[in-house]
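Reader: I would like a close look at a single part of this model, namely the way one helix packs against its neighbours. Please set that part in the context of the whole chain as you go.

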Amino acid sequence: KEHIKPLCELFKASGDLQSCYIRSAAVSTLACMSRRGLADNVVDIVSSQGYLIASNHPYYVVEAAVRILSIVPPESVTPQAKQQIFDLLNHRSHRVTVAVIDAFGFFGEQMITNDAHMKQFAYCLRHPDSEIRSATQNALERLKKRVDGEISLTTGVESLLVGFVSSQEYFERLAAVHLLKFYGTRAMIKNHEIISVLLVDPTPCVRIEILRALRDFIADSELYKLLSPAFVDIMEQKEVRGIADNQVLRETYRLLRCDSDVASDVAKYAQQSLNLYFEDIQVKKQAVLLLALIDDLGNDNVQSLVDMLKTNDAKILTEVANVFARAGLPLVRLIPKMFGYLKGEHPTVKRKLLRFVAPFKEQVKD
């Protein structure tokens, strides 16, 4: 116990690269001591001796103090220490800010219900520094895993969400995506109009991220009903699509096949994409998996499935083969009919198809 204070004093080492190693070694040693029953003592000394007060020390001392408290068992971190750490969120050093954000990913559950604290924390999602934005996203993911049940959307965060969506900066609109994902189904239903706006965002990466964020929630029938018109608009897009639009359509099918009932509802659009000759191969792959999920692959799809194999690109051919393997029995049933269309293909392609049949030989009689 008497060694904790001298080890904390090593945080003040500065001047050259060797000092970084000294501080790192001190943090590691204190972490080991905290795991051996001295966590309460470490937290008490770091908190009471002013190591968490920005005006008392250079940034590297404060950063080291925050880092050590993010390593000790979360139950040992006192409310006083948590408040001292939170007060450092807007520190002039981005390294300290990142350390504070990381720390609250481990013991910030109580902050979720505090409207003022949560609003200030969520505001970091729109920070100009990408490292701070990334750290905040990771912290929210860790916090969500530590909380059981649905998280209530507070008034301050909801107003912040509206501001994010109307921003001209794409990373602020991405911040809205991460907030919606954190708060879950109820928040998404309440703010479904915001999601509909994000689904037609002018920046493709925003559209793709909201589609990915919805994967864990699309099984909710009420949410799907509210958002289905937006999905239909994406799948019915008639004008010429670019690479980014194809990525969005691919992610749409990837999302909609997360639930069999939803997949059944949009099967006709997947059929159109699969049977469209000039459709992007990545879109067709997701359409095949969606239709296989609900066992809706039939004789009308045989030619389209064969066309997916007609490529000289070994990488694409391997990807298609992997998709066929994942599709399972609904596709394997069609393989005998596909051989009638495979006239000039390399024998390796046919051998791969035959290997898919083996696990289902009792069900495939042709």
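Author: What follows begins with the chain as a whole and then turns to helix α5 and its partners.

The model is a predicted one, and the secondary structure of its protein chain comes to 22 helices and 0 strands. Along the principal axes, the C-alpha trace spans about 80 × 45 × 35 Å, and the radius of gyration of the protein chain is 27 Å, where a compact globule of 366 residues would have one near 21 Å. The chain is divided into domain 1, covering 1-107, and domain 2, covering 259-365, and the C-alpha centres of these two domains lie 56 Å apart.

Helix α5 is the part to examine closely. Helix α3 (residues 59-71) packs against α5 (residues 94-107) at an angle of about 10°, the two axes being 9 Å apart. Because angles under 35 degrees count as roughly parallel, α3 is roughly parallel to α5. The crossing in which α3 passes α5 is left-handed. On the α3 side the contact is made by Tyr59, Val62, Glu63, Val66, Arg67, Leu69 and Ser70, while α5 contributes Arg95, Val96, Val98, Ala99, Val100, Asp102, Ala103, Phe106 and Phe107. Sorted by class, this contact of α3 with α5 holds 11 nonpolar, 1 polar and 4 charged residues.

The second partner is helix α7 (residues 130-146), whose axis comes within 7 Å of that of α5, the two crossing at roughly 10°. That angle makes α5 roughly parallel to α7. Here α5 supplies His94, Thr97, Val98, Ile101, Asp102, Phe104, Gly105 and Phe106, and α7 supplies Glu131, Ile132, Ala135, Thr136, Ala139, Arg142, Leu143 and Arg146. The contact of α5 with α7 divides into 8 nonpolar, 4 polar and 4 charged residues. Val98, Asp102 and Phe106 of α5 are listed in the contact with α3 and also in the contact with α7.

A further helix pair elsewhere in the chain offers a point of reference. Helix α18 (residues 302-309) and helix α19 (residues 314-327) pack at an angle of about 140°, with axes 9 Å apart, and the two are therefore oblique to each other. Leu305, Met308 and Leu309 of α18 meet Leu317, Val320 and Phe324 of α19 in this contact, whose residues divide into 6 nonpolar, no polar and no charged. In the contact of α5 with α7, by comparison, there are 4 polar and 4 charged residues beside the 8 nonpolar ones.

Methods. Residues numbered from 1 in each chain as written. Predicted model: local features only at pLDDT ≥ 70, side-chain atom pairs only at ≥ 80, totals over all residues. Heavy atoms only, no water. Axes fitted to C-alpha atoms, helices over the stretch in contact; angles between N-to-C directions. Helix = DSSP H or I, 4+ residues; strand = E, 2+ residues; numbered from the N terminus. Parallel < 35°, antiparallel > 145°, perpendicular 65-115°, else oblique. Left-handed = near helix turned anticlockwise from the far one by under 90°. Contact = heavy atoms within 4.5 Å. Nonpolar A, V, L, I, M, F, W, Y, C, P; charged D, E, K, R; others polar. Domains from an automatic or database assignment. Rg over C-alpha atoms; globule rule 2.2 N^0.38 Å.
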